[in-house]
Amino acid sequence: MEANRKVYETILHLLEEKGPFFTTAELAQRLRISKRTLYKMFPTKAEIIDKTLAFFFHDLFKRWHVPKETRQLSSSRLLQIQLSKLPEKYDLDKILNYSQEFERLYPEQWQKLQRFVDELGKMVFDFLVENQNVRLLTVSEQKVLLRTIQLQIRQLLDGAYLKAEGLSFKEALQAFYQLILRGILY
């Protein structure tokens with residue numbers, strides 16, 4: 001059985017419920033396959049997490065494309081459109097509630113997550129600076145803005161922070177980008 005969208009969606013829903021504490025037996029049962037078949041698809045639990053992260057971000061990156069005809073919209077409207085592309089099928093906030101456990105139990109996968117987040121930050125950066133309503137930024141401003149975006153998205157992955165502040169990931173991300181937009185618009 002080849003790993004496909006249904007498999008990854010099942011894994012993501014299990015991560016919402018149990019974070020990294022799900023068992024391979026639970027996953028096999030939900031997929032209605034044997035553990036042996038599951039281990040042919042994913043030899044280790046770390047690989048389950050690895051490939052699920054890759055699936056999630058690949059899916060997100062495909063959705064992020066901004067058609068040229070919509071670039072004439074205001075930055076705020078474009079941002080609203082982009083944020084609406086965050087997957088609705090999964091509750092990111094539930095998954096992020098386990099962020100500290102993921103970082104502790106799966107440090108390699110956590111590092112890969114950080115790299116995906118940095119890539120997302122670069123896409124957001126490109127989206128912002130290519131907008132016609134954004135003033136021309138100096139090279140220094142561009143470098144600082146890119147790093148600020150990447151670091152802030154990483155910070156927002158801390159589910160404990162979001163929970164303590166009563167924020168969802170999407171709300172926090174939207175607030176952050178609105179703050180950036182007000183700083184770089186004409």
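Is glutamine 80 buried, partly exposed or exposed, and why? Glutamine 80 counts as partly exposed because its relative accessibility is 41%; buried means under 20% relative accessible area, exposed over 50%, and partly exposed in between, with a 1.4 Å probe and protein chains only.

## Basis of the model

This is a predicted model, in which local features need pLDDT of at least 70 and side-chain atom pairs count only at pLDDT 80 or more, whereas totals for chains, interfaces and linings use all residues. Residues are numbered from 1 along each chain as its sequence is written, and side-chain values use heavy atoms, with hydrogens and water left out.

The mean pLDDT of the protein is 85, and 89% of its residues reach 70 or more; pLDDT is the predictor's confidence in each residue, from 0 to 100. Among the elements, helix 2 (residues 24–31) has the highest mean value, 96, and helix 5 the lowest, 71. Where pLDDT is low, the predicted coordinates should not be read in detail.

## Glutamine 80 and aspartate 91

Glutamine 80 is placed in helix 5 (residues 75–83); helices (H or I, at least four residues) are DSSP runs, numbered from the N terminus. Its C-alpha lies 7.8 Å from that of glutamine 174, although 94 residues separate the two in sequence.

Aspartate 91 belongs to the loop between helix 5 and helix 6 (92–96) and is partly exposed at 29% relative accessibility. The C-alpha atoms of aspartate 91 and glutamate 16 are 6.6 Å apart, with their positions 75 residues apart along the chain. The aspartate 91 side chain also reaches the backbone nitrogen of aspartate 93 at 3.1 Å.

## Salt bridges

The structure holds eight salt bridges, each defined as a side-chain nitrogen of Lys or Arg within 4 Å of a carboxyl oxygen of Asp or Glu. One of them joins glutamate 26 and lysine 18 at 2.3 Å, N to O. Both partners are partly exposed, glutamate 26 at 21% and lysine 18 at 30%.

Another salt bridge pairs lysine 112 with aspartate 50, with 2.9 Å between the closest N and O atoms. Because lysine 112 lies in helix 8 (residues 107–129) and aspartate 50 in helix 4 (residues 45–63), the pair ties together parts that are 62 residues apart in sequence. Lysine 112 is partly exposed at 29%, whereas aspartate 50 is buried at 18%.

Within helix 8, lysine 122 and aspartate 126 are four residues apart, so about one helical turn separates them; their salt bridge has a closest N–O distance of 2.6 Å.

Terms used:
Helices (H or I, at least four residues) and strands (E, at least two) are DSSP runs, numbered from the N terminus. A polar contact is a pair of N or O atoms within 3.5 Å; within protein, one must be able to donate a hydrogen and the other to accept it, and residues adjacent in sequence count only if both atoms are side-chain atoms.
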